[in-house]
Amino acid sequence: MFKKPLSNLKTTAPLHGSDRHMLKQRVIVVYNVPPEIGDILVPEGLISQKFSTNTNEQGVAYWSPDGDPLWFSHGKGADDLIPTVYTLWKKYDLLPCITTPASVIPVLVGGADLMIPGAVQIPSSQTVVPLQLVAIAQYITDSPTTRGPPLVVGRLAVDLDKLKVGGKGKAVHLLHSWKDYLFAMGSKADPPGIVEIQEVGESKESEGEIAGTSAAGEQGKPSAEVQEVESIKPPVDPVPGPLVQQPRPVPQLTREKVSSILRNAVLQAVRGTLKSIPTSSFPIPAGTFYSSYVLPYRPAFVRRNVPGTDSSSTPSGNDGYTSEYPPIDIKHSTYKSLAAFLKILDKQGILTIKDMKPEPLVMSVSASHSEVLSHTPYVSLRDKQLKEEKREKRDEEERAKVQAMEIKELWKPHTPSGSARFFTEGRFDSSALYTYADLKATLIKYVTTRQLVNAHDQAYVNVGQDEVLLSTVAGRNESGDSLEFLKREELGQEPLLRKGQLKPISVVVKTRQGRRANTLISGFEPFLLEAEVMAEELRRICAGSTGVSPLPGKPTRSEVLVQGKQTKAVVDFLLSKGVPKKWIETADLTVKK
């Protein structure tokens, strides 16, 4: 799905502590990893970003502080949390793995799905079912106990039994791969080394298969635990501790439960929205009805308590039970199709449909139906989205209320440059601060009072006739011997009687310590901003580390460092402090030209 560049990238937003904790708990439960591994897979300083693919499919990506995409979801209101290859390289056994010959890898990286003939080793666990996420790695010839690192993430398209027998058709629907556009938005790191498999998956038994792929796994066992092995060293012992615990099958809601939730979603939509829309909005095509009035009205959080072995990994810690976020849609329900689902609702009188080709039409809904009236409302995905939109709008309004700083450049007579003498001789206040317009008016008054305008050409001033004006215009290190006339506009140029220049605040992203990106802010002192206060507020806003150090070459000035690529957050912070946007300069030096 990332064969082409993303078409609509929204602004990034740092993940707050509670949101990160919730995301980490989802990873711990869904992928059955201990909390310490959850901290590695969902690190602090995570950033979320909404996107749209080239096919207008919406999604959310989660980025590490170093700028690597770690997780993503796709589809409006989707509950799936899909790891990228960057995440799989941190824990190779996070997903069941299928291996394929080296010649197939470039085809997959090009965006093609994996076909059944291309699968060599397959997971031995019978809990791996169609539509479940799987990884794809390179098969190592003559070495059934090793394989390449995960390079592709996709969904299993067929039963394992069919995959073992062989034949034609797709084995895995590809979602994301090494070198696709999502991968390229990260650090573009090289894949790690060969991976040792501590339990080998089953191999296909059909004739003509690659030698060395005989079955080596046992039925019913989970997929292999793995670790990286350097090519110049012998295989090492398995990593002890939590990394080698046997994963449990991820529990799913029953089809009956999913059907009940979808039915309640329709009741919620009828009770809350559909009863008030005008009759001219009907008929509604079945697909539109499903995407607009069923999926968004599912509960925001659907949890099913299942027995667990580690109560410390549960969000609530209630007696060794864990929570999960299961998929809730028609394909996971008892209904054979959307049309069948709508026909049942029609028979029950909740809505009225008209059977048409290519899809049925929803003609009306019954807001007075007894089940609609007795339905107890809950917080839906739509409610959560509206709440988030209101919060973003409120934050935007708050930022709009902040009055921008009025930046005014002022000049003061400077004794070393000789300009103070000009003000003293001209009987002007040498202790005052002057705007550029004031300086121009002062010059005009000085020239007029001393009758220095050229008699033959009013556009020129006889600067050579006035020693004070001549020395001021010529400057401290210049000779005015050859200077006799100056145009009026040249006499009033901005650099005249000027010391220093107000420069914009610099916000630059640089790479330090290898591939680690950091955001550096400098030049903020003239805008009455304090380094320590800024660092503390940005640490809270960006949910990452910050620091203050002297600016190189300018020990009296400070530089604030923020971990990760935080340009947007820093600019928003400066705007909230009243700094006009034209006085903020940004640059990203990590982008390869």
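Visitor: Before we get to helix 11, what counts as a helix here?
Guide: Helices are DSSP runs of H or I with at least four residues, numbered from the N terminus; in this predicted model, helix 11 covers residues 381–401 and contains E389.

Visitor: Which residues gather with E389 on the surface, and what charge does the patch have?
Guide: E389 gathers with E392, E396 and E397 in a surface patch of negative charge.

Visitor: And why does E389 count as partly exposed?
Guide: Because its relative accessibility is 39%, and partly exposed is the class between under 20%, which is buried, and over 50%, which is exposed.

Visitor: Switching to strand 4, is it mostly covered or open?
Guide: Strand 4, residues 69–74, is mostly covered, with six of its six residues buried.

Visitor: How does strand 3 run relative to strand 4, and what lies between them?
Guide: Strand 3, residues 58–63, runs antiparallel to strand 4 and is joined to it by five bridges, with A61 standing opposite F72. The two strands form a hairpin with five residues between them, and in the turn G67 has a positive phi of about 95°.

Visitor: What stands opposite F72 in strand 5?
Guide: That is I82; strand 5, residues 82–83, is antiparallel to strand 4, and two bridges join them.

Visitor: New topic: which way do strand 27 and strand 24 run against strand 23?
Guide: Strand 27, residues 584–588, runs parallel to strand 23, residues 505–512, with five bridges, one bridge pair being I505 and I584. Strand 24, residues 516–522, runs antiparallel to strand 23 with seven bridges, and there V508 has L520 as its bridge partner.

Notes. Residues numbered from 1 in each chain as written. Predicted model: local features only at pLDDT ≥ 70, side-chain atom pairs only at ≥ 80, totals over all residues. Heavy atoms only, no water. Patch = residues over 30% accessible without salt bridge, like charges linked within 9 Å, V, L, I, M, F, W, Y side chains within 5 Å. Areas by Shrake-Rupley, 256 points an atom, 1.4 Å probe, with all protein chains shown as cover. Salt bridge = Lys/Arg side-chain N within 4 Å of Asp/Glu carboxyl O. Lys, Arg positive; Asp, Glu negative; His and termini not counted. Charge placed at Lys NZ, Arg CZ, Asp CG, Glu CD. Buried < 20%, exposed > 50% of the residue type's maximum accessible area, 1.4 Å probe, protein only. Pairing = 2+ DSSP bridges.
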